[in-house]
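Reader: I would like to learn how to read a contact between two helices of different chains, and then how to place such a contact in the wider fold. Could we work through one case together?

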Amino acid sequence: MLSSMAAAGSVTAALQVTEVLEAIVSCCVGPEGRQVLCTKPTGEVLLSRNGGRLLEALHLEHPIARMIVDCVSSHLKKTGDGAKTFIIYLCHLLRGLHSITEKEKDSLMCENIQTYGRHWKNCCQWKFISQALLTFQTQVLDGIMDQYLSRHFLSIFSSAKEKTLCRSSLELLLEAYFCGRVGRNNHKFISQLMCDYFFKCTTCKSGTDVFELVDDCFVELNVGVTGLPVSDSRIIAGLVLQKDFSRYCPADGDIRMVIVTETIQPLFSASGSEFILNSEAQFQTSQFWIMEKTKAIMKHLCSQNVTLLLSSVRQPDLVIYYAGVNGISVVECLSSEEISLIQRIIGLSPFVPLHALSQCEISNTALVKFCKPLILRSRRYVHLGLISTCTFIPHCIVLCGPVQGLIKQHEDALHGAFKMLRQLFKDLDLNYVTQANDQSDTASLFICKNSGESYKVPDARNGSIQKPYPDTVIENKDELEKTQTYLKAYSNLAISDVELETYIPYSIPKLTPADTFQTDETLRCLSLEKNRLIGDYEALLKSSSTAYSTRGNNRIEICYENLQVTNITGKGGLLPVSFKLQNMGTSQSYLSSSVPAGCVLPVGGNFEILLHYYLLNYAKKCHQSEETVVSIIANALLGIPKVLYKSKTGKDSFPHMYIRAVHALQTNEPIVSSQAGLESVTGKCQLLTSVLQCLTKILTIDLVITVKRHPQKVHSQDSEDEL
Amino acid sequence: MSRLDAKKPSLCKSEPLTSERVRTTLSVLKRIVTSCYGPSGRLKQLHNGSGGYVCTTSQSSALLSHLSVTHPILKILTASVQNHVSSFSDCGLFTAILCCNLIENVQRLGLTPTSVIRLNTHLLSLCISYLKSETCGCRIPVDFSSTQILLCLVRSILTSKPACTLTRAETEHISALILRAFLLTIPENAEGHIILGKCLIVPLKGQRVIDSTVLPGILIEMSDVQLMRLLPIKKSAALKVALFCTTLSGDISDTGEGTVVLSYGVSLENAVLDQLLNLGRQLVSDHVDLVLCQKVIHPSLKQFLNMHRVIAIDRIGVTLMEPLTKMTGTQPIGSLGSISPNSYGSVKDVCTAKFGSKHFVHLIPNEATICSLLLCNRNDAAWDELKLTCQAALHVLQLTLKEPWALLGGGCTETHLAAYIRHKTHNNPESILKDDECTQTELQLIAEAFCSALESVVGSLEHDGGEILTDMKYGHLWSVQADSPCLVNWPDLLSQCGCGLYNSREELSWSFLRSTHHPFVPQTCLSHEAVGSVSNLTLDCLTAKLSGLQVAVETANLILDLSYVIEDTN
């Protein structure tokens with residue numbers, strides 16, 4: 001019964017789903033990516049290369065797919081980038097895991113285990129793998145980033161201390177960013193536009209607060225104009241409000257403005273009160289009083305040289321008339337976002353009309369450089385020259401395009417670019433656990449001895465399957481696909497082994513638990529036998545290559561200033577990497593460090609190849625079953641450069657590029673990238689973490705149960721809500 | 001059913017352009033637009049199956065706004081054409097046809113979208129820079145000191161819209177009116193920044209086109225009963241005008257958020273009426289001669305004003321408010337009391353006028369840039385078309401004022417441009433390819449697709465089975481009638497090129513447009529004598545055509561770049 005409503009939440013199912021998504025998403029990746037046309041139920045047409053938007057537009061039904069989309073969108077909320085890479089990477093990870101299942105399924109086939117039993121067993125196994133992934137992500141990944149990858153990082157800043165950007169490096173960064181986001185004939189133009197905008201809006205003193213402001217208020221900072229070619233897009237100084245003047249009075253010289261959030265005309269009766277009229281004269285008097293009061297307030301504003309009134313509410317005819325009489329321009333019905341943006345820029349608080357007359361001078365006015373109507377394709381806007389009191393110099397982007405859908409795409413891309421810059425200007429914290437480097441092997445050996453189980457046999461066997469793999473990757477000078485076939489060949493070999501030893505299949509599911517428990521057990525065992533171990537550990541620590549000195553529970557902080565010298569576009573930049581070492585116990589040291597703000601790497605899969613290389617190196621040193629997980633992660637990373645180099649042939653093709661890069665790494669030479677352009681490391685790190693978290697989530701699900709509710713019931717609930 | 005239905009999954013199609021359905025819908029759209037193109041274009045009748053309004057048109061703006069397209073790709077195409085038309089009013093069909101042709105031609109080649117888009121962009125910039133350059137052979141300067149070229153420009157627009165059903169004389173009449181209306185909107189003594197006035201089009205359906213006329217000032221329509229009540233004013237000086245934007249009907253205005261409790265016997269209506277009459281007294285004592293109100297004036301107030309020889313006109317509507325403010329120089333009044341004296345304006349004179357069966361009050365300005373174009377045509381459909389055409393022509397004149405150049409029309413610009421591009425890509429491909437990864441073969445293929453797309457646009461000017469030729473010197477277009485004998489001397493058959501600049505007396509050699517011929521250098525640098533000697537040229541607006549060209553290529557690029565279409569079926 002259950003089987004009719006429930007589907008196994010297996011890797012296979014997840015893989016099928018992600019493969020479909022990958023097919024769609026991979027056609028939009030990179031400089032060769034193409035556009036996707038989405039329609040909305042309202043009939044609106046949207047052009048997009050934005051992964052998040054595409055996934056959203058698909059309205060997926062499959063529960064696993066929905067979960068993946070949720071993961072992607074929560075990642076996007078954080079970073080605004082990387083949805084497509086997310087899917088590709090996830091797909092490759094699942095493929096890697098799937099190939100293991102296939103292998104093990106074959107081995108299980110010969111057993112007479114019931115299907116259900118096998119399913120549950122698989123699920124347990126996935127759960128352990130997912131725990132291994134989590135451990136890797138929380139304890140190992142950041143360490144690799146910090147200890148190996150960081151030496152390749154470049155800094156975008158021309159001067160790291162002051163976080164200043166030079167135009168050429170920003171151009172490289174933005175061009176690479178827009179390559180993947182807007183149509184290929186527009187990306188150069190849009191990245192130039194963004195570059196101009198950036199330098200026009202910021203001063204040398206501006207910091208990350210500018211990005212925050214632009215990111216938060218981007219909708220208010222751009223104006224879309226349809227019917228004009230994209231090349232007519234431009235930047236204009238000042239702020240453009242998407243409203244027309246209710247009354248415009250040209251003014252010269254000093255323009256002072258006030259912001260109001262309520263009607264200036266006093267209300268006839270306040271809310272919650274009762275106004276008792278006893279005679280007609282009383283009504284007329286009160287009307288007269290209202291009129292006179294309004295007139296007086298407007299006169300007062302005029303006497304204070306106020307010539308512009310911005311209002312978040314609609315003002316009555318009377319107010320507008322007296323504004324006109326007194327030469328005050330009025331803009332009404334501004335949205336709360338527009339008001340808050342203006343307030344953020346000039347730091348002006350709203351003016352309270354009723355208190356105005358009691359004060360002889362209105363304190364909350366602000367000077368404006370200019371204030372005039374702006375006509376863009378026969379629509380009128382209000383153009384304000386605000387004098388900024390913060391580090392943001394107000395400028396607006398006028399985005400032109402033949403259709404609204406294209407303008408929207410450009411707007412999204414520009415907004416995303418600011419999100420990306422905002423992330424780039426922040427340090428990314430890295431936290432990881434190190435078992436004083438190479439000692440992990442010995443520690444695990446120790447565990448094996450201690451537990452006294454027969455794990456060694458399957459481990460050794462597993463090792464024989466897995467170990468040749470990384471070697472082949474490096475040695476094989478042709479294609480990665482080939483290595484995969486090699487792998488299959490090896491796994492076939494393994495099967496024959498399995499067939500011989502009948503007791504092994506039962507121990508296979510336990511294989512992984514052994515790894516994941518290992519660390520915990522290491523801790524426990526070590527703390528139990530602390531006295532005996534300390535000596536050993538100190539010896540190990542002393543011999544370790546990084547030579548951290550640890551003693552008992554003492555806290556030690558080591559700061560490495562200027563660990564690396566990097567070079568960007570001819571200008572030297574120093575990249576400080578600070579280490580904070582905190583020794584918690586005897587066996588594991590919890591380290592925290594950070595990817596400093598402004599870290600970048602050349603585009604074209606550099607990050608992925610580097611991480612792939614170091615992960616494989618790390619995997620060699622790992623305990624055998626951990627090695628499986630790490631090498632799956634490492635190999636999945638190559639999925640992204642493979643897509644990027646799909647269209648290239650000859651010397652630029654992926655295998656050639658890969659071999660060159662690995663060779664360069666082995667010989668400690670700099671990697672030569674064929675493409676100019678930079679990408680943010682922070683974004684990539686966050687992406688990797690998000691993907692691994694998503695995969696962990698997928699693996700922990702063992703069953704998807706479809707709940708069918710009767711429509712009537714939903715209906716009745718609904719009507720109750722209405723009541 | 002419940003409102004909480006789950007969203008249906010979207011439809012996702014890969015490589016949309018290869019699907020048969022898309023190709024057919026695209027070709028249907030293309031047939032619709034090509035058959036409308038040009039002075040001899042066929043008309044389309046658009047109507048709702050369940051009755052109602054029928055639109056007869058051959059204009060892109062009317063056609064596309066009535067057409068409901070469902071396929072997302074077509075939506076992109078029509079939306080970009082419509083957006084272009086709403087900003088430039090002209091060259092809509094040109095844009096649509098060129099875009100369709102480009103997509104069709106490039107599709108046939110089967111090159112990768114990357115190189116197609118890159119090369120298309122290169123060719124486009126080549127066209128743009130040529131059309132903007134001094135050496136351009138299909139561009140003439142517009143001289144605002146004489147009406148000749150301006151009239152040609154307007155006439156070309158009128159003749160390209162056959163659904164207006166104008167005779168030759170009518171065309172001349174309307175062209176002159178449009179030009180006069182345009183000139184009236186230009187302020188007389190403008191320095192530096194010019195702000196153009198407005199031309200209001202007043203409908204007068206069922207009259208002869210010849211009865212159309214242009215008047216300075218504003219016409220306000222009125223029933224003859226109302227008109228009778230208006231007293232003739234005899235006054236030598238200008239009339240003082242008060243313009244109200246608030247209602248004068250005696251409604252109780254906003255009483256706030258609280259409750260108002262009335263004692264027995266208190267009538268707020270009377271109180272407000274008292275207020276209104278006080279206002280009337282103030283107006284009279286301020287010597288106001290004309291009271292205009294956007295909304296309704298209370299009959300008592302109206303009567304009061306009439307008694308004091310003040311003309312009161314109400315229900316003017318929001319559309320006339322801005323021109324009225326501008327023309328009279330008033331401050332729209334939003335108060336029922338204490339009117340500041342500087343918010344009054346003035347008009348030179350007020351008179352009544354009768355055109356056809358309609359009565360109007362005519363406000364004559366002192367000096368202003370507002371004029372009214374009384375437009376007559378025989379029936380509703382033709383009038384609507386004529387109105388759109390007039391608006392387009394006025395807009396084109398404004399654009400020309402900004403950029404005083406015109407392009408040769410009648411298809412000559414397109415053939416000339418195609419000849420230029422062919423010559424450029426053939427003789428100097430390196431300069432176009434510069435730093436690209438595209439090959440020369442790719443360039444030749446794309447250039448051929450691009451040029452033939454341009455040429456098929458002008459090919460669709462011919463709807464009666466005639467032939468289209470091009471000359472090998474200027475690269476202009478020449479058309480031959482359908483049933484002409486084949487083996488005769490070309491100069492006898494051809495009288496004039498498409499734009500009317502050259503005639504066949506010159507020693508020229510011709511070839512069929514669709515036949516393959518060697519690339520040649522079309523003669524650049526138009527001589528002024530040649531232009532001056534011809535009185536009847538067909539001209540196009542430069543700004544509109546440039547933008548149309550860009551929009552067409554950009555949209556085609558966009559559509560060619562599509563790899564998936566995701567359709568939301570909710």
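Reader: Which residues in α10(A) and α9(B) meet?

Author: A helix contact is read first from its residues, and then from its geometry. In this predicted model, A:Glu280, A:Phe283, A:Gln284 and A:Gln287 are the residues of α10(A) that meet α9(B), and on the side of α9(B) the partners are B:Leu268, B:Asn270, B:Ala271, B:Val272, B:Asp274 and B:Gln275. Sorted by class, the contact of these two helices has 4 nonpolar, 4 polar and 2 charged residues.

Reader: At roughly what angle do the axes of α10 of chain A and α9 of chain B cross?

Author: Helix α10 of chain A covers residues 280-303 and helix α9 of chain B covers residues 268-285; their axes come within 9 Å and cross at roughly 50°. Because this angle falls outside the ranges for roughly parallel, roughly perpendicular and roughly antiparallel pairs, α10(A) is oblique to α9(B).

Reader: Is the crossing of α10(A) and α9(B) left-handed or right-handed?

Author: The sense of a crossing is read separately from its angle, and here α10(A) passes α9(B) in a right-handed crossing.

Reader: Turning to burial inside one chain, which residues of helix α9 of chain A are buried?

Author: Note that this α9 belongs to chain A and spans residues 208-216, whereas the α9 discussed above belongs to chain B. The buried residues of α9(A) are A:Val210, A:Phe211, A:Leu213, A:Val214 and A:Asp215. Burial is best read together with what provides the cover, and for α9(A) that cover includes α8 (187-201), α12 (336-346) and α14 (404-424) of chain A.

Reader: How many helices and strands does each chain have?

Author: Chain A has 26 helices and 24 strands, while chain B has 18 helices and 21 strands. Of the 723 residues in chain A, 54% are buried, and for chain B, with 570 residues, the buried share is 54%.

Reader: What share of the contacts in each chain joins residues at least 24 apart in sequence?

Author: Such a share is taken among contacts between residues at least 6 apart, and on that basis the value is 75% in chain B and 78% in chain A.

Reader: What is the accessible surface of each chain, and how much of it belongs to carbon and sulfur atoms?

Author: For chain A the accessible surface comes to about 31700 Å², with 54% belonging to carbon and sulfur atoms; for chain B the area is about 25000 Å², and the corresponding share is 53%. As for extent, the C-alpha atoms of chain B fill a box of roughly 95 × 70 × 45 Å along the principal axes.

Key
Residues are numbered from 1 along each chain as its sequence is written. Chains are lettered from A and ligands numbered from 1 in the order in which they are written. This is a predicted model: local features need pLDDT of at least 70, side-chain atom pairs count only at pLDDT 80 or more; totals for chains, interfaces and linings use all residues. Side-chain values use heavy atoms; hydrogens and water are left out. Axes are lines fitted to C-alpha atoms, for helices over the stretch in contact, and angles run from 0 to 180 degrees between N-to-C directions. Helices (H or I, at least four residues) and strands (E, at least two) are DSSP runs, numbered from the N terminus. Angles under 35 degrees count as roughly parallel, over 145 as roughly antiparallel, 65 to 115 as roughly perpendicular and the rest as oblique. A crossing is left-handed if the near helix is turned anticlockwise from the far one by less than a right angle, and right-handed if clockwise. Contact means heavy atoms within 4.5 Å. Ala, Val, Leu, Ile, Met, Phe, Trp, Tyr, Cys and Pro count as nonpolar, Asp, Glu, Lys and Arg as charged, and the others, Gly among them, as polar. Buried means under 20% relative accessible area, exposed over 50%, partly exposed in between (1.4 Å probe, protein chains only). Accessible areas come from the Shrake-Rupley method with a 1.4 Å probe; for residues, only the protein chains shown count as cover.
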